[in-house]
Amino acid sequence: MTVVIGFEGSANKIGVGIIRDGEVMSNPRRTYITPPGQGFLPGETAKHHRSVILTVVREALDEAGIKPADIDCVAYTKGPGMGAPLVTVAIVARTLAQLWGKPLLGVNHCIGHIEMGRLITRAQNPTVLYVSGGNTQVIAYSERRYRIFGETIDIAVGNCLDRFARVIKISNDPSPGYNIEQMAKKGTQYIELPYTVKGMDVSFSGILSYIEEAAHKMLGVGQCTPEDLCFSLQETLFAMLVEITERAMAHCGSQEVLIVGGVGCNLRLQEMMGVMCKERGARLFATDESFCIDNGAMIAQAGWEMFRSGQVTDLPDSWITQRYRTDEVEITWRN
């Protein structure tokens, strides 16, 4: 049996997970939460990660019931992500790999999401919609690469939601996107917003600017409620994502969709994607927040696949790459 420990800390989540041949043995994490109206800065996020990471490592080992000697490989998030948090986690992973005498593996964060989704849902060869605070991509596997068919040309969908949450002072606990989802359920009025699909790509910055201005004007005179704005924003953004996912499915002849990333646990997005899949006679695969949101087990699972196919990262090459694209990685573990 192959046991891999994975370290994730590319944004405001710090997680350590342990995988043994497809079994999630442990997956503790912590979240850095800021006051309403504020985002998280790289330096402060890294400071949070430094303060808790060794505690999370101990939790992961204890929950899994194993010792460092039982581990075969140490995997960490190489990128993409925020520089200071990535460096914090990489240093700890490199140090433990040397202390424990284990091989090291730098993992692409996006690949971690995909491989975790495939493991949990058992999807065979899906068209992947990867949606998070830092990334928005439609992906399909072909010839040893995860090919990007479409993506955001400016900000990610999760970033759009988070920044709107700051405008109307929505709480960041447990996450701004989750709280927008709950408020949207109470919205009754749809406010028309810009809808920006450009071929296979999407753009969210113009929608954000428009709804920020609308929020100040319309809320001030009672034309709508914050719940109406949350509902309208979700409906518009998710319709765009469903459209480009369906287009990629048609191009690839795919009959499966897998949603991954933190925004992927939004039930309204899953519902809208499910309607599209049903109309096409396709299947939708998604996971809950324990695996959609950034976690250490997803890095461990991708690391497990990489390690089993013969990959390792030499210590001099174990840097971080903030802009590490999904399609840069050679997929040596799939046919």
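**Exercise 1.** How many bridges join strand 1 to strand 2, and in which sense do the two strands run?

*Solution.* The model examined here is predicted. Step 1: locate strand 2 at residues 13-20 and count its bridges to strand 1, which gives six. Step 2: compare the directions of the two strands; they run antiparallel. Step 3: inspect the connection, where four residues lie between the strands of this hairpin. Step 4: select one pair as an illustration; Phe7 stands opposite Val16 of strand 2.

**Exercise 2.** Determine which way strand 1 pairs with strand 5, and establish whether the residues of strand 1 are buried or exposed.

*Solution.* Step 1: strand 5 covers residues 73-79 and pairs with strand 1 in the parallel sense, over four bridges. Step 2: within this pairing, Val74 is the bridge partner of Ile5. Step 3: sort the side chains of strand 1 by direction; Val3, Ile5 and Phe7 point one way, while Val4, Gly6 and Glu8 point the other way. Step 4: apply the cut-off for buried, under 20% relative accessible area. Six of the six residues in strand 1 (residues 3-8) are buried, so the strand is largely enclosed by the rest of the structure.

**Exercise 3.** Describe the length, the bend and the packing of helix 6.

*Solution.* Step 1: helix 6 (residues 205-220) has 16 residues and reaches 23 Å from its first C-alpha to its last, close to the expected 22 Å. Step 2: trace the helix for a bend; a kink of about 25 degrees is centred on Ala214. Step 3: list the buried residues, which are Ile207, Leu208, Ile211, Ala214, Ala215 and Met218. Step 4: recall a general rule. An α-helix has 3.6 residues a turn, so residues three or four places apart point the same way. Step 5: identify the partners; the buried residues of helix 6 pack against helix 4 (157-167) and helix 7 (226-252). Step 6: examine what follows helix 6, namely Gly222, with a positive phi near 75 degrees.

**Exercise 4.** Where do the residues of the UniProt "binding site" feature lie with respect to one another?

*Solution.* Step 1: the unreviewed UniProt entry places this feature at His109, His113, Tyr130 and Asp294. Step 2: these residues span 186 residues in sequence, yet no two of their C-alpha atoms are more than 12.1 Å apart, so they gather at one spot. Step 3: from this set, His113 belongs to the lining of the largest cavity. Step 4: turn to Tyr130, found in strand 7 (residues 127-131). Tyr130 is buried, with a relative accessible area of 0%. Its contacts include His109 and His113.

Technical notes:
Residues are numbered from 1 along each chain as its sequence is written. This is a predicted model: local features need pLDDT of at least 70, side-chain atom pairs count only at pLDDT 80 or more; totals for chains, interfaces and linings use all residues. Side-chain values use heavy atoms; hydrogens and water are left out. Buried means under 20% relative accessible area, exposed over 50%, partly exposed in between (1.4 Å probe, protein chains only). Two strands pair if DSSP finds at least two bridges between them. The expected span of a helix is 1.5 Å times one less than its number of residues. The bend at a residue is the angle between axes fitted to the seven residues ending there and the seven starting there. Contact means heavy atoms within 4.5 Å. UniProt positions are given in the numbering used here, feature names are shortened, and annotations may be inferred rather than shown by experiment. On a 1 Å grid over the protein atoms alone, a cavity is a set of points where a 1.4 Å probe fits but cannot get out, and a pocket is an open set with protein on both sides within 12 Å along at least five of seven lines; lining residues have an atom within 4 Å of a point.
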